[in-house]
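I pulled this one up to go through its fold, its surface and its side-chain contacts. My notes follow in the order I looked things up.

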Amino acid sequence: VVLEAFGLAAAEMWNYNRDMYKFDQEQRLERDMKRVDMQIKRFELFREDIADLVELTVSKMDMYHMVGALMLAFTCTIYTEGLFR
C-alpha cells in the first residue's frame, strides 16, 4: 500500500512537472518569436531611415544641378552676347 501511494504521488508529480514544462516551453517560444518580430521591425526602421537620408541627398543634388544649369546658362549668355542690354 505504501509503495502504491508513493508510485501514485511520483506519477502525479511527474505529470505536474511535465505540464509546467510544456507551459514554460510555449511561453518561451512566444517570447522568442516576439523578440524576432521586434528585431525585424527595428531593422525595417533602420532601412527606412537610410532611405530617407538618401532621398534627402538626392533632392539636394537635384537642386544643385538646377542652380548649376541656370548659372551655366547665364554665363554662356553673357559670354556669347556680350554685355547686358
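**Overall shape**

I started with secondary structure: the protein chain has one helix and zero strands. Helices here are DSSP runs of H or I with at least four residues, strands are runs of E with at least two, and both are numbered from the N terminus. This is a predicted model, where local features need pLDDT of at least 70, side-chain atom pairs count only at pLDDT 80 or more, and totals for chains, interfaces and linings use all residues. Residues are numbered from 1 along each chain as its sequence is written, and side-chain values use heavy atoms, with hydrogens and water left out.

Next I checked the dimensions. The radius of gyration of the protein chain is 37 Å, while a compact globule of 85 residues would have one near 12 Å. That radius is taken over C-alpha atoms, and the globule rule is 2.2 Å times the number of residues to the power 0.38. Along the principal axes, the C-alpha atoms fill a box of roughly 120 × 10 × 5 Å. I also took one distance: Glu55 and Glu81 are 26 residues apart in sequence and 39 Å apart in space, C-alpha to C-alpha. Glu81 lies in helix H1.

**Surface**

How much of the protein chain is buried? Buried residues make up 0% of the 85 residues. My cut-offs for relative accessible area are under 20% for buried, over 50% for exposed and partly exposed in between (1.4 Å probe, protein chains only). Glu81, for one, is exposed at 54%.

The accessible surface of the protein chain is about 8600 Å², and 67% of that belongs to carbon and sulfur atoms. These areas come from the Shrake-Rupley method with a 1.4 Å probe, and for residues only the protein chains shown count as cover.

Then I looked for patches. Met63, Met66, Val67, Leu70, Met71 and Phe74 make a nonpolar surface patch of about 610 Å². Patch members need over 30% relative accessible area and no salt bridge; nonpolar side chains (Val, Leu, Ile, Met, Phe, Trp, Tyr) are joined within 5 Å, like charges within 9 Å. Met71 sits in helix H1 and is exposed, at 54% relative accessible area.

**Salt bridges**

How many salt bridges does the whole structure hold? I got two, taking a side-chain nitrogen of Lys or Arg within 4 Å of a carboxyl oxygen of Asp or Glu. Arg28 bridges to Asp32 with the closest N and O atoms 3.9 Å apart, and Arg31 bridges to Asp32 at 3.7 Å. I note that Arg28, Arg31 and Asp32 are thus linked in a salt-bridge network. Arg28 and Asp32 are four residues apart in helix H1, so about one helical turn separates them. On accessibility, Arg28 is partly exposed at 40%, Asp32 is partly exposed at 22%, and Arg31 is exposed at 54%.

**Rings**

I counted ring pairs (Phe, Tyr and Trp, the last by its six-membered ring) with centres within 6.5 Å, calling planes under 30 degrees apart stacked, over 60 edge-to-face and the rest tilted. The count is one aromatic pair. The Phe43 and Phe46 ring centres are 5.5 Å apart with planes at 85°, so I logged the pair as edge-to-face. Both residues lie in helix H1 (residues 2-81), three residues apart, about one turn. Phe43 is partly exposed at 42%, and Phe46 is partly exposed at 38%.

Last lookup: the charged end of Arg42 sits over the Phe43 ring, 5.6 Å from its centre. The test is NZ of Lys or CZ of Arg within 6 Å of the ring centre and within 35 degrees of the ring normal.
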